Amino acid sequence: MNPESQVQIVSREPAPGRPTTWTGLGFARVPRGTGLRFTVDNIPYPMDFTAAIRYELELGLIPMINSLEDFSSKTDLDEYRRYQCVDVAYQVVPHTIPEVCERLIASMSARIHNGAVREY
């Protein structure tokens, strides 16, 4: 992998009682707008293969705040960006979410679910 790449390898160990859905070290976290390139150099017999790439959501769907019409003010958008609320949602390890992110995420959840707020 290119050392300047934004793709991150996320190691994952198998958990007892849960199915293993990956091979190798774990996962590659690929930021939006970037891509992956594979080099396969250990095929023992020349023939056609189908590459199987599994897409697994780590933290569910993360809506884009500016995609909800008439939802947020410029101040809300600025705070969402300043506190990096989307980046916080992408983190795999347990973490504390800034209050401003919690408020905006709860508001988005209520809007998406017709007024009901879902606990995550």
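Where in the chain does Thr 23 lie? In this predicted model, Thr 23 belongs to the loop between β1 (8–11) and β2. The legends below take up that loop and several other sites.

**Figure 1. Overview of the predicted protein chain, with its 3 helices and 2 strands.** The elements follow one another along the sequence in the pattern β-β-α-α-α. The chain has 120 residues, of which 17% count as buried. Its exposed surface amounts to about 10,300 Å², with 52% supplied by carbon and sulfur atoms. Among contacts with a separation of 6 or more, 44% are made by residues 24 or more positions apart.

**Figure 2. Close-up of Thr 23 in the loop between β1 and β2.** Thr 23 counts as exposed because its relative accessibility is 71%, and the cut-off for that class is over 50%. A distance across this part of the chain can be taken from Thr 23 to Arg 12: the two residues are 11 apart along the chain, and their C-alpha atoms are separated by 9.7 Å.

**Figure 3. Close-up of the nonpolar surface patch that includes Val 30.** The patch is formed by Val 30, Leu 36, Phe 38, Val 40, Ile 43, Tyr 45, Met 47, Phe 49 and Ile 53. Together these residues present about 970 Å² of accessible area. Val 30 is situated in the loop between β2 (26–29) and α1 (74–82). With a relative accessibility of 32%, Val 30 is classed as partly exposed. That value satisfies the requirement for patch membership, because patches are made of residues with over 30% relative accessible area.

**Figure 4. Close-up of the salt bridge between Lys 74 and Asp 78.** The structure holds 3 salt bridges, and one of them pairs Lys 74 with Asp 78, with the closest N and O atoms 3.1 Å apart. Both residues lie in helix α1, and because they are 4 residues apart, about one helical turn separates them. An α-helix has 3.6 residues a turn, so residues three or four places apart point the same way. Lys 74 is exposed, at a relative accessible area of 60%, whereas Asp 78 is partly exposed, at 29%.

**Figure 5. Close-up of the salt-bridge network of Asp 76, Glu 79 and Arg 103.** The side chain of Arg 103 meets that of Asp 76 in a salt bridge with an N to O distance of 3.6 Å. Arg 103 belongs to helix α3 and Asp 76 to helix α1, so this pair ties together parts that are 27 residues apart in sequence. Asp 76 counts as buried, at 18% relative accessibility, while Arg 103 is partly exposed, with a relative accessible area of 40%. A salt bridge also forms between Glu 79 and Arg 103, whose closest N and O atoms are 2.7 Å apart. Glu 79 lies in helix α1, so its pairing with Arg 103 of helix α3 ties together parts that are 24 residues apart in sequence. Through shared partners, these salt bridges join Asp 76, Glu 79 and Arg 103 into one network.

**Figure 6. Close-up of the disulfide between Cys 85 and Cys 101.** The count of disulfides comes to 1. The S to S distance between Cys 85 and Cys 101 is 2.0 Å. This pair links distant parts of the chain, with Cys 85 in helix α2 (residues 85–90) and Cys 101 in helix α3, 16 residues apart. The disulfide is left-handed because the torsion about its S-S bond is about -85 degrees. Cys 85 and Cys 101 are both buried. Gln 84 is found in the loop between α1 and α2. The phi of Gln 84 is positive, near 50 degrees, in a residue other than glycine. Most residues other than glycine have a negative phi. Gln 84 counts as partly exposed, with 48% relative accessibility.

**Figure 7. Close-up of helix α3, residues 99–112.** At 1.5 Å a residue, the 14 residues of α3 should span 20 Å, and the C-alpha atoms at its ends are 20 Å apart, which agrees. The buried residues in α3 are Val 100, Cys 101, Leu 104, Met 108, Ser 109 and Ala 110. After α3 comes Asn 114, with a positive phi near 55 degrees.

Conventions. Residues numbered from 1 in each chain as written. Predicted model: local features only at pLDDT ≥ 70, side-chain atom pairs only at ≥ 80, totals over all residues. Heavy atoms only, no water. Patch = residues over 30% accessible without salt bridge, like charges linked within 9 Å, V, L, I, M, F, W, Y side chains within 5 Å. Areas by Shrake-Rupley, 256 points an atom, 1.4 Å probe, with all protein chains shown as cover. Salt bridge = Lys/Arg side-chain N within 4 Å of Asp/Glu carboxyl O. Buried < 20%, exposed > 50% of the residue type's maximum accessible area, 1.4 Å probe, protein only. Contact = heavy atoms within 4.5 Å. Expected span 1.5 Å × (residues − 1). Disulfide = S-S within 2.5 Å.
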